Amino acid sequence: MVRTFTKLNYFILFCKLLFSWIASYFCVSVCGIAPLNSKIVGGADAVPGSWPWQASLQYFGKHFCGGSLINKEWVLTAAHCVAGTSTKKLLVSLGRQNLEGKNPNEVSRRVAAIIVHPDFDRGTMNNDIALVRLSSPVPFSHYIRPVCLAASASVFNNGTGSWVTGWGHIKEGELLPFPQTIQEVAVPVIGSRQCNCLYGVINITSNMICAGRLDGGKDSCQGDSGGPMLTKLGSVWIQSGIVSFGIGCARPNLPGVYSRVSRYQTWIKSHISSHEPGFVHQSSSNLYKPHFLVKRKLH
Ligand SMILES: *[C@@H]1O[C@H](CO)[C@@H](O)[C@H](O)[C@H]1NC(C)=O
Ligand SMILES: *[C@@H]1O[C@H](CO)[C@@H](O)[C@H](O)[C@H]1NC(C)=O
């Protein structure tokens with residue numbers, strides 16, 4: 001079908017240009033853009049720069065959890081990763097492709113502060129979210145950029161295509177092999193009601209979002225905690241979840257459980273006064289068709 005340019009189209013174009021000009025004038029930080037992520041429907045191997053917000057949290061130089069960069073000096077992670085941890089000896093590594101070997105685009109920072117959600121409950125894993133402030137801002141590059149966050153009241157229906165990334169185990173109890181290249185896996189959202197049924201006595205609260213395949217085989221695993229679960233809206237990546245827990249990894253009918261980022265917009269904003277992270281509203285009508293043809297996967 002031919003797309004004709006009507007007056008309305010010109011008006012919309014004008015508004016978009018005006019908006020982008022205003023946005024750049026006031027230095028609104030652009031989030032969720034991964035210029036080196038060539039992934040379109042159909043999937044491909046992750047190339048360096050595919051997930052430029054991905055952080056590795058390291059203790060005494062060893063990776064223990066993931067995280068995501070949300071502006072130039074704050075990283076979002078899971079509360080269970082950092083609760084009770086001292087900021088000393090903690091390092092946040094960004095722009096990283098492998099855990100071992102060369103990482104030419106890597107930048108690391110010490111940690112200035114850790115803010116664990118005050119209602120985090122280790123017993124139920126409710127409110128498994130924390131903010132980490134870097135010792136100084138990181139420069140953005142093609143390999144280091146902030147992600148957008150799902151705004152309050154965003155809706156992620158059952159089946160919403162999502163991606164999870166991290167350096168965690170590739171199977172229950174099986175370490176990622178040398179050189180420990182970042183892994184990505186596509187998993188659909190599992191609706192809360194169904195997830196709650198699947199988990200039986202474990203309470204999947206409204207602060208959680210589930211994702212995985214009911215036949216198993218694809219999931220986040222140990223070491224992925226704190227890392228992002230993402231969904232793509234147009235050209236922008238939005239973080240919908242934080243890797244939190246599961247029973248085992250990739251077992252059938254036990255999807256991964258993630259902290260529901262959209263529930264924490266107010267809390268996150270209350271701690272970040274300047275260079276506010278980008279919040280994007282995802283509604284159910286914005287679904288893109290998921291394809292599960294990834295070559296690399298986390299089990
Ligand atoms: C949710 O989506 C999955 C496929 O991703 C499907 O197997 C399941 O039946 C759906 N559940 C509901 C309640 O629609
Ligand atoms: C599940 O957790 C929520 C939030 O903590 C609570 O309000 C609710 O009563 C719990 N439900 C069950 C069945 O325990």
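The following is a short exchange about the disulfides and the ligand shell of a predicted model.

Biologist: How do you know that Cys65 and Cys81 form a disulfide?

Modeller: Their sulfur atoms are 2.0 Å apart. The cut-off for a disulfide is 2.5 Å between cysteine sulfur atoms, so the pair counts as one.

Biologist: Why is this disulfide of Cys65 and Cys81 called left-handed or right-handed?

Modeller: The torsion about its S-S bond is about -80 degrees, so the link is left-handed. Cys65 belongs to strand β2 and Cys81 to helix α2, so the bond ties together parts 16 residues apart in sequence.

Biologist: What makes the disulfide of Cys221 and Cys249 left-handed or right-handed?

Modeller: The torsion there is about 80 degrees, so this disulfide is right-handed. Cys221 sits in the loop between β10 and β11, and Cys249 in the loop between β12 and β13, 28 residues apart.

Biologist: Why does Cys195 count as buried or exposed?

Modeller: Its relative accessibility is 0%. Buried means under 20%, so Cys195 is buried. Cys210 has 1% and is therefore buried by that cut-off. The sulfur atoms of Cys195 and Cys210 are 1.9 Å apart, and the two form a disulfide.

Biologist: What does the bond between Cys195 and Cys210 tie together?

Modeller: Cys195 lies in helix α3 and Cys210 in strand β10, so the pair ties together parts that are 15 residues apart in sequence.

Biologist: How do you know that Cys197 is in no disulfide?

Modeller: The nearest cysteine sulfur, that of Cys195, is 9.3 Å away. A disulfide needs sulfur atoms within 2.5 Å, so Cys197 has no partner.

Biologist: Why is Cys197 called exposed?

Modeller: Its relative accessible area is 61%. Exposed means over 50%, so Cys197 is classed as exposed.

Biologist: How many disulfides does a search of the whole structure find?

Modeller: There are 4 disulfides. With bonded cysteines counted along the chain, their pattern is 1-4, 2-3, 5-6, 7-8.

Biologist: Turning to the ligand, what makes the pair between ligand 1 and the side chain of Asn158 a polar contact?

Modeller: An oxygen atom of ligand 1 is 2.4 Å from an N or O atom of that side chain. The cut-off is 3.5 Å, so the pair qualifies. For Gln194, a side-chain N or O atom is 2.8 Å from a nitrogen atom of ligand 1, so this pair qualifies too.

Biologist: Which residues are around ligand 1?

Modeller: They are Asn158, Pro188, Gln194 and Leu214. The protein covers 42% of the 360 Å² of accessible area that ligand 1 has on its own. The shell divides into 2 nonpolar, 2 polar and no charged residues.

Terms used: Residues are numbered from 1 along each chain as its sequence is written. Chains are lettered from A and ligands numbered from 1 in the order in which they are written. This is a predicted model: local features need pLDDT of at least 70, side-chain atom pairs count only at pLDDT 80 or more; totals for chains, interfaces and linings use all residues. Side-chain values use heavy atoms; hydrogens and water are left out. A residue is near a molecule or strand if one of its heavy atoms lies within 4 Å of it. A polar contact is a pair of N or O atoms within 3.5 Å; within protein, one must be able to donate a hydrogen and the other to accept it, and residues adjacent in sequence count only if both atoms are side-chain atoms. Accessible areas come from the Shrake-Rupley method with a 1.4 Å probe; for residues, only the protein chains shown count as cover. Ala, Val, Leu, Ile, Met, Phe, Trp, Tyr, Cys and Pro count as nonpolar, Asp, Glu, Lys and Arg as charged, and the others, Gly among them, as polar. Helices (H or I, at least four residues) and strands (E, at least two) are DSSP runs, numbered from the N terminus. Buried means under 20% relative accessible area, exposed over 50%, partly exposed in between (1.4 Å probe, protein chains only).
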